[in-house]
Amino acid sequence: MKKAVLGGAAVATLLAALFAPEDEGSIVGPATATTRQVERVAVAPLAAATVAAQADRALAIHPRRALEDEEAATLFAKQSWQPETPKKIMLDQQAAQATRTVAAVDANAPPPLPFQFLGRFVDEGKAAYFLQAGERNVVARPGDTLEERYRFDGVVQGALQFTYLPLNLKQTLAVGDLN
């Protein structure tokens, strides 16, 4: 069906191009009926199978070629007009600074607190603090052991105080106003 419609459209376009009026720079007037002599041209007869094979080959869906790894990696990469050299220098400097920072950290220092403060709730005079540890929500009260490595000691000068149990070192989490 699609082939017939496509073929019909191609024939109609060809006829329109052949019989189009010549442009003389004026407005086209009303159409008039004319007759023309059409010469018949002898065409060598082609076998129907050959014509069908050529049409199938022309309309066949070919599989996409696989992208090379480099080509696929850069297909949606960020493009920039700036030369790459300054970027590489900055990245190298940042990596060196991060290495120095990691080396400067004391081996006996506790890791950073894994908690974020979410809120506080007071029930019958006892405060409970809502914390987030990774993707888990935790309710902490003074004296509770959290994550098997931290003990929640309470509030000291507007900050939550924890003890890192493996090294017995105190850490604080600044939370601002707790009113």
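**Strand pairing, β1 and β2**

I looked up how β1 pairs with β2, residues 126–133, in this predicted model. The two strands run antiparallel and share eight bridges. I picked out one position: arginine 120 faces tyrosine 129 of β2.

Next I asked which sheet these strands belong to. It is an open sheet of three strands, ordered β1-β2-β3, with antiparallel pairing. Why do β1 and β3 each have one side without a neighbour in the sheet? β1 (115–123) and β3 (136–140) are the edge strands and have a single partner strand each, so one side stays unpaired. I noted the twist as well: from one strand to the next it averages 20°.

**Hairpin of β6 and β7**

I moved on to β6 (residues 159–164) and β7 (residues 169–174). They pair in the antiparallel sense, with six bridges. Threonine 163 has lysine 170 in β7 as its bridge partner. Four residues sit between the strands of this hairpin. I checked the backbone there: asparagine 168 has a positive phi near 55°.

**Aromatic rings**

How many aromatic pairs does the structure hold? I find five. I went through two of them.

Phenylalanine 115 and phenylalanine 162 are stacked, with 5.1 Å centre to centre and 20° between the planes. Phenylalanine 115 belongs to strand β1 and phenylalanine 162 to strand β6, so I logged this pair as a link between distant parts of the chain, 47 residues apart. Are these two residues buried or exposed? Both phenylalanine 115 and phenylalanine 162 are buried.

Phenylalanine 162 also pairs with phenylalanine 152. Here the rings are tilted: 5.3 Å centre to centre, 45° between the planes. Phenylalanine 152 lies in strand β5 (residues 150–156) and phenylalanine 162 in strand β6, so this contact ties together parts 10 residues apart in sequence. I looked up the cover on both. Phenylalanine 152 has a relative accessible area of 0% and is buried. Phenylalanine 162 is also buried, at 0%.

I then traced the wider cluster. Ring pairs join Phe115, Tyr129, Tyr150, Phe152, Phe162 and Tyr164. Tyrosine 129, which I had noted opposite arginine 120, is one of the cluster members.

**Surface patch**

Last, I turned to the surface. Which residues form the nonpolar patch? They are Val11, Leu14, Leu15, Leu18 and Phe19, with about 500 Å² of accessible area together. I followed up on leucine 18, which is found in helix α1 (residues 2–18). Its relative accessible area is 56%. The cut-off for exposed is over 50%, so leucine 18 counts as exposed.

Definitions and conventions: Residues numbered from 1 in each chain as written. Predicted model: local features only at pLDDT ≥ 70, side-chain atom pairs only at ≥ 80, totals over all residues. Heavy atoms only, no water. Pairing = 2+ DSSP bridges. Axes fitted to C-alpha atoms, helices over the stretch in contact; angles between N-to-C directions. Patch = residues over 30% accessible without salt bridge, like charges linked within 9 Å, V, L, I, M, F, W, Y side chains within 5 Å. Areas by Shrake-Rupley, 256 points an atom, 1.4 Å probe, with all protein chains shown as cover. Salt bridge = Lys/Arg side-chain N within 4 Å of Asp/Glu carboxyl O. Buried < 20%, exposed > 50% of the residue type's maximum accessible area, 1.4 Å probe, protein only. Phe/Tyr/Trp six-rings, centres within 6.5 Å; stacked < 30°, edge-to-face > 60°.
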